[in-house]
Amino acid sequence: MTTHLMPQADALMNAIALLGLAFALGMMPRGPQASPLDKRLGGLYAGMLIILGLRQAFWAFSIVMMAAAWLPLLVLLLVEELLRRHAPRLIKWFVLLGSVISSVAALALGAVWPHQALALFAAFQLAALLCVIGFILKDRARDLSPAETRMADSVALAL
């Protein structure tokens with residue numbers, strides 16, 4: 001693919017992902033029939049929908065990076081609901097502080113991030129996801145049914 005068509009292809013793929021995510025969010029159970037896990041998954045879908053929407057509309061602005069900074073926290077909340085237990089405080093504080101610092105960096109750096117800042121942001125995202133995976137693997141079999149344990153394994157594999 002020639003490089004001048006890459007932004008259009010990226011925008012098209014982003015739009016397709018937006019539509020699919022909006023459909024999935026619309027199909028989520030609402031009201032009294034929604035379980036706490038459904039609500040957390042809906043929150044994760046909504047967060048991802050916001051990120052993709054902002055990416056589609058404001059590709060050059062720092063708000064995309066600021067929204068992406070909060071994705072590990074949404075994932076952690078989903079996993080806590082799935083495992084029906086709280087993550088260790090150290091993981092919670094790490095994810096929260098990393099998200100806040102990344103958001104401040106996004107506001108300070110604007111649309112063009114230096115390579116070192118992007119590397120630190122990627123390292124935070126990776127470390128946060130590894131912490132969440134470790135939390136899942138450590139607590140996945142405690143007080144869970146076999147089906148819930150398989151679901152926890154699937155989430156860990158997806159992350």
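**Exercise 1. Find which residues of helix H4 are buried in this predicted model.**

Go along the helix and pick out the residues under 20% relative accessible area. You should end up with Pro72, Val75, Leu76, Leu78, Val79, Glu80, Leu82 and Leu83. For the spacing, remember that an α-helix has 3.6 residues a turn, so residues three or four places apart point the same way. Just past the end of H4, have a look at the backbone too: arginine 84 takes a positive phi of about 55 degrees.

**Exercise 2. Check the length of H4 against what you'd expect, then do likewise for H2.**

Start with H4, residues 71–83, which has 13 residues. The expected span is 1.5 Å times one less than the number of residues, which gives 18 Å for H4. The end C-alpha atoms of H4 are 18 Å apart, so the two agree. Now H2: with 22 residues, the expected value is 32 Å, and the helix reaches 31 Å from its first C-alpha to its last, which is close.

**Exercise 3. Work out how H2 and H4 are arranged relative to each other.**

First, get the axes: H2 (residues 36–57) and H4 come within 8 Å and cross at roughly 165 degrees. Angles over 145 degrees count as roughly antiparallel, so H2 is roughly antiparallel to H4. The handedness of this crossing is left-handed. Then list who touches whom: on the H2 side the contact includes Leu44, Gly47 and Ile51, and on the H4 side it includes Val75, Leu78 and Leu82. Finally, compare with burial: Leu44, Gly47 and Ile51 are among the buried residues of H2, and Val75, Leu78 and Leu82 are among those of H4.

**Exercise 4. Do the same for H6 and H7.**

Their axes come within 10 Å and cross at roughly 160 degrees. That makes H6 roughly antiparallel to H7, and the crossing is left-handed. Ile133, Ile136 and Leu137 of H6 meet Ala152, Val155 and Ala156 of H7.

**Exercise 5. Locate the largest nonpolar core and see what surrounds Phe135.**

The core has 19 residues, and Leu76, Val79, Leu83, Ile91, Val132, Phe135 and Ile136 have the most contacts inside it. Helices H4, H5 (89–109), H6 (115–139) and H7 (146–158) each supply at least two of its residues. Next, zoom in on phenylalanine 135: leaving out residues up to four places away in sequence, it touches Val79, Glu80, Leu83, Arg85, His86, Ala87, Pro88 and Ile91. Don't stop there, though: a second, separate core of 7 residues includes Met65, Ala68, Trp113 and Ala117.

Notes. Residues numbered from 1 in each chain as written. Predicted model: local features only at pLDDT ≥ 70, side-chain atom pairs only at ≥ 80, totals over all residues. Heavy atoms only, no water. Helix = DSSP H or I, 4+ residues; strand = E, 2+ residues; numbered from the N terminus. Buried < 20%, exposed > 50% of the residue type's maximum accessible area, 1.4 Å probe, protein only. Core = buried A, V, L, I, M, F, W, Y, C linked by side-chain atoms within 4.5 Å. Contact = heavy atoms within 4.5 Å. Axes fitted to C-alpha atoms, helices over the stretch in contact; angles between N-to-C directions. Parallel < 35°, antiparallel > 145°, perpendicular 65-115°, else oblique. Left-handed = near helix turned anticlockwise from the far one by under 90°.
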